[in-house]
Amino acid sequence: MKLTRAHFAVMAAAASMTLLAACSKEDDKAATSAPPAPVAAPQSTAPATPPAPEADKSLEQKTEELKQDAAKVADDVKKEAEEQKENAKENTHSLKEDAKAAGDKVAEKAGEAKDAVADAASRTGDAIKDGAAKADKAIQDKLGNGVDSSPSAVPSEQAKP
């Protein structure tokens with residue numbers, strides 16, 4: 001068990017060191033771009049200047065550049081957002097017009113359908129009336145308009161004395 005813990009501890013330490021090394025690569029590049037400091041200068045009376053202030057200046061410059069870049073990006077995002085807002089307004093207006101045109105077309109088609117249904121109902125009513133009239137005539141012709149012209153087979157009561 002101790003062996004496993006030791007392996008995990010070593011792996012965690014290696015991962016931490018790798019992360020630190022990756023994060024510090026940017027600082028290493030800034031330090032390497034600075035002029036090299038004198039390695040072993042002979043005994044001179046002038047003290048050597050430490051490279052730390054130069055590194056601080058370059059960090060401050062980078063910070064300022066990053067701030068300016070961030071401000072520029074923010075401005076670009078604001079402009080793009082305003083453009084998108086305008087496009088959305090135009091699209092909304094266009095969609096409203098399209099919806100209105102579609103509504104008008106639907107209303108027109110509904111009116112046409114109403115007229116067609118009314119016409120069909122009228123024709124159906126006329127056909128029913130014609131059919132009923134023909135049927136009534138056929139019945140009347142068959143029965144003889146309700147008047148029986150043939151002598152009845154049933155003797156009437158008046159004929160009896």
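Select Glu-112 to begin, a residue that counts as partly exposed at 41% relative accessibility. The model in the viewer is a predicted one, so every value on this tour is computed from predicted coordinates.

Keep Glu-112 selected and add Lys-109, because the side chains of these two residues meet in a salt bridge, with 3.8 Å from N to O, a distance that falls within the 4 Å cut-off for such a pair. Lys-109 is itself partly exposed, its relative accessible area being 49%. Both residues belong to helix H2, where a spacing of 3 residues separates them by about one helical turn. Side chains of opposite charge can pair when their charged atoms come close.

Move next to Arg-123 and Asp-119, whose closest N and O atoms are 3.4 Å apart in a further salt bridge. Here the two residues are 4 residues apart in helix H2, which again corresponds to about one helical turn. Arg-123 counts as exposed at 51% relative accessibility, whereas Asp-119 is partly exposed, with a relative accessible area of 41%. A search of the whole structure finds 2 salt bridges.

Staying with helix H2, which covers residues 52–143, select Glu-90. Glu-90 is exposed, with a relative accessible area of 52%. Extend the selection to Asp-75, Asp-76, Glu-80, Glu-82, Glu-83 and Glu-86, and the residues that gather with Glu-90 in a surface patch of negative charge will be displayed together.

Now turn to helix H1, residues 2–33, and pick out Thr-18. Which backbone oxygen lies 2.7 Å from a polar atom of the Thr-18 side chain? The oxygen belongs to Ala-14, so showing the backbone of Ala-14 alongside the side chain of Thr-18 brings both ends of this polar contact into view, the distance being within the 3.5 Å limit. Thr-18 is exposed, with a relative accessible area of 54%.

Finally, clear the selection and display the whole protein chain, which contains 2 helices and 0 strands. Of its 161 residues, 1% count as buried, where buried means a relative accessible area under 20%. With a surface representation switched on, the accessible surface of the chain comes to about 14,900 Å², and 61% of that area belongs to carbon and sulfur atoms.

Conventions
Residues are numbered from 1 along each chain as its sequence is written. This is a predicted model: local features need pLDDT of at least 70, side-chain atom pairs count only at pLDDT 80 or more; totals for chains, interfaces and linings use all residues. Side-chain values use heavy atoms; hydrogens and water are left out. Patches are made of residues with over 30% relative accessible area and no salt bridge: like charges are joined within 9 Å, nonpolar side chains (Val, Leu, Ile, Met, Phe, Trp, Tyr) within 5 Å. Accessible areas come from the Shrake-Rupley method with a 1.4 Å probe; for residues, only the protein chains shown count as cover. Lys and Arg count as positive and Asp and Glu as negative; His and the chain ends are not counted. The place of a charge is taken as NZ of Lys, CZ of Arg, CG of Asp or CD of Glu. Buried means under 20% relative accessible area, exposed over 50%, partly exposed in between (1.4 Å probe, protein chains only). A polar contact is a pair of N or O atoms within 3.5 Å; within protein, one must be able to donate a hydrogen and the other to accept it, and residues adjacent in sequence count only if both atoms are side-chain atoms.
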